[in-house]
Amino acid sequence: MALRTLNPPISWSPHPSFVPGDRSLLRILHPWHDPWLPPLAGARIRRGARAAAAAVARNGRFHGGGGEVGGGGEGARRGVKKDVDLATLGNLCVDIVLSVPSLPPAPPEERRAYMERLAASPPDKTSWEAGGNCNLAIAAARLGLHCVTLGHVGEEIYGNFLLDVLRDESIQFVGMNDDAEATSSSSSYETLLCWVLVDPFQRHGFCSEEPAFNWLSKLSSQVKVAIQQSKIIFCNGYAFDELCPDVLVSALECAIDSGTAVFFDPGPRGKTLLHGTSGEQRALDLFLRFSDVLLLTAEEAESLTGITNPIRAGQELARKGARSQWVIVKMGSKGSVLITKSSISCAPAFKVNIVDTVGCGDSFTAAIAFGFLKGMPAVNTLALANAVGAATAMGCGAGRNVAHLDKVLELLKQSNLNEDDELWSEIINNSSSESRVNLLSKSPINGCSDRLLRVPSRSVVSELLPMFEAAYERSLTQP
């Protein structure tokens, strides 16, 4: 059984919570569907009517690190009008959250038998939730970004549920399959289910079918257009569990050719892909070298570089990247680091009472995308990302339970940082870098190090709040 490690940039407190590093999912295609529900009519592109906080991302011109994205940028110079802020690639699923007496056994055959017994009948709808990249899209939409999800959703009860959730969050969906493929009755064409199994010790287990949608051999024309019209496309390592490496590489090439920024988070799959098939290794290498923004936990960065220090590991990844603008290293309860080829920025985590860590990393990424598009300073971006991730941790579950603006604003105003000067001094001093380090801090007083510049959290918050408060007030008056 492969374990998925969660390492959200939040601070743990003595409140009932899940054990970090033990959360996982069991992902299989469900063996049943409702034959009485008609298939979705018309094009498989859905957009919701509710536009909460959309004005946040509509004001002004967007900047994506090295150049203007929404207002002119590389994509616009190539004649592509980019109306979409963020597109997610694959990894669309319905989470089925169940309490079980024990987690699935490790041997494959025993695990399969376990899951077949569990999946013998449909679980109650109260246990369903939108999962996978839906978490990221929902969190980003609530920050005001225009989002599109690219993937496969079946035409059954689970697919309808997932599309309804996306519609209600004002998120578009573009199917990756051609019309001819969509008519297949094979279970391989049904919506992917992710089983979130929780044992009495609050431990979670994960394993997956690889790849679940191996019948998808190429990108549809609709998906290519969606990538071309997006300012950012996000892909993570779990996409390799659904799509063939060649399909993922095609999406990467399409993004690069159309001037779309590529965000890539290898996740726990990065280590296995590093030693996977030749196709997987090639695709991983291409994503690491040609992504504009890389997001990894400190452990994942170490597994890919062999370097323990998070700053040095991030700098190594940035050095090897042909297009790298940002490398973000997530350090769980310690905070996060954002590295460019010429600068280093760090931000401690927020102290919150943890209810559930599911979706924290997705929420964090949504805020990173917002900061990237808005051309925000690196420290401001990390502060926002840490707050959005922490706000999600204060709720229960992901999907529709990810961070709302009111919780994010509350955390920013409180600015209760988990500061640890000894930790950051050790990380910075052992990084062997001569670059100046910007560190978010409640204290405006700098220490003896010439390399360390403390950025007062009060000034960062004063810059962030106006970007969201008006949009939040407007959202309260919308139906």
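Helix α3 (residues 133-142) and helix α12 (residues 360-373) make a good place to start: their axes come within 8 Å and cross at roughly 45 degrees. What you have in front of you is a predicted model, and its chain holds 16 helices and 19 strands. Of the 479 residues in the chain, 58% are buried. Contacts that span the sequence are well represented: among those between residues at least 6 apart, 80% join residues at least 24 apart.

**Two helix pairs**

- A pair of packed helices is described by the distance between the axes and the angle between them.
- The crossing of α3 and α12 is right-handed.
- On the α3 side, that contact is made by Asn135, Leu136, Ala139 and Ala140, and on the α12 side by Asp362, Ser363, Thr365 and Ala366.
- Roughly 45 degrees falls outside the ranges for parallel, perpendicular and antiparallel, so α3 and α12 count as oblique to each other.
- The other pair is helix α13 (residues 378-393) with helix α14 (residues 405-414), whose axes come within 9 Å and cross at roughly 125 degrees.
- An angle of roughly 125 degrees lies between the perpendicular range, which ends at 115, and the antiparallel one, which begins over 145, and therefore α13 and α14 are also oblique to each other.
- Here too the crossing is right-handed, with α13 passing α14.
- From α13, the residues Ala383, Leu384, Ala387, Val388, Ala390 and Ala391 take part, and they meet Lys407, Val408, Leu411 and Leu412 of α14.

**Helix α11 and Glu316**

- At the start of α11, a side-chain oxygen of Asn309 comes to within 3.0 Å of the backbone nitrogen of Ile311.
- Which residues of α11 are buried? They are Pro310, Ile311, Ala313, Gly314, Glu316, Leu317 and Ala318.
- The cover over these buried residues includes the strands β13 (293-297), β14 (326-330), β15 (335-339) and β16 (344-348), along with the helices α10 (298-305) and α15 (421-429).
- Glu316 sits in α11, which runs over residues 310-320.
- Is Glu316 buried or exposed? Its relative accessible area is 18%, under the 20% cut-off, so Glu316 counts as buried.
- The side chain of Glu316 has a polar contact of 2.7 Å with the side chain of Arg319.
- Setting aside residues up to four places away in sequence, Glu316 touches Thr305 and Ile307.

**Ser230 in strand β11**

- Ser230 belongs to strand β11, which covers residues 230-236.
- With a relative accessibility of 0%, Ser230 counts as buried.
- The Ser230 side chain reaches the backbone oxygen of Ala226 at 2.6 Å.
- Which residues does Ser230 contact, leaving aside neighbours within four places in sequence? They are Lys82, Val84, Ala87 and Thr260.

**Two serines with positive phi**

- Most residues other than glycine have a negative phi.
- Ser170 has a positive phi, near 60 degrees.
- Ser170 lies in the loop that connects α4 (157-168) to β8 (172-175), and at 14% relative accessibility it counts as buried.
- Ser415 also has a positive phi, in this case near 45 degrees.
- The loop between α14 and α15 is where Ser415 is placed, and its relative accessible area of 10% makes it buried.

**Cysteines**

- How many disulfides does a search of the whole structure find? The count is zero.
- A disulfide would be a covalent bond between the sulfur atoms of two cysteines.
- Cys93 is buried, at a relative accessible area of 0%.
- Cys360 is buried as well, at 1% relative accessibility.

**Met467 in helix α16**

- Met467 is located in helix α16, which covers residues 457-477.
- At 24% relative accessibility, Met467 is above the 20% limit for buried and below the 50% limit for exposed, so it counts as partly exposed.
- Met467 and Leu143 lie 324 residues apart in sequence, while their C-alpha atoms are 9.7 Å apart in space.

Terms used:
Residues numbered from 1 in each chain as written. Predicted model: local features only at pLDDT ≥ 70, side-chain atom pairs only at ≥ 80, totals over all residues. Heavy atoms only, no water. Helix = DSSP H or I, 4+ residues; strand = E, 2+ residues; numbered from the N terminus. Buried < 20%, exposed > 50% of the residue type's maximum accessible area, 1.4 Å probe, protein only. Polar contact = N/O pair within 3.5 Å; in protein donor to acceptor, adjacent residues only side chain to side chain. Contact = heavy atoms within 4.5 Å. Disulfide = S-S within 2.5 Å. Axes fitted to C-alpha atoms, helices over the stretch in contact; angles between N-to-C directions. Parallel < 35°, antiparallel > 145°, perpendicular 65-115°, else oblique. Left-handed = near helix turned anticlockwise from the far one by under 90°.
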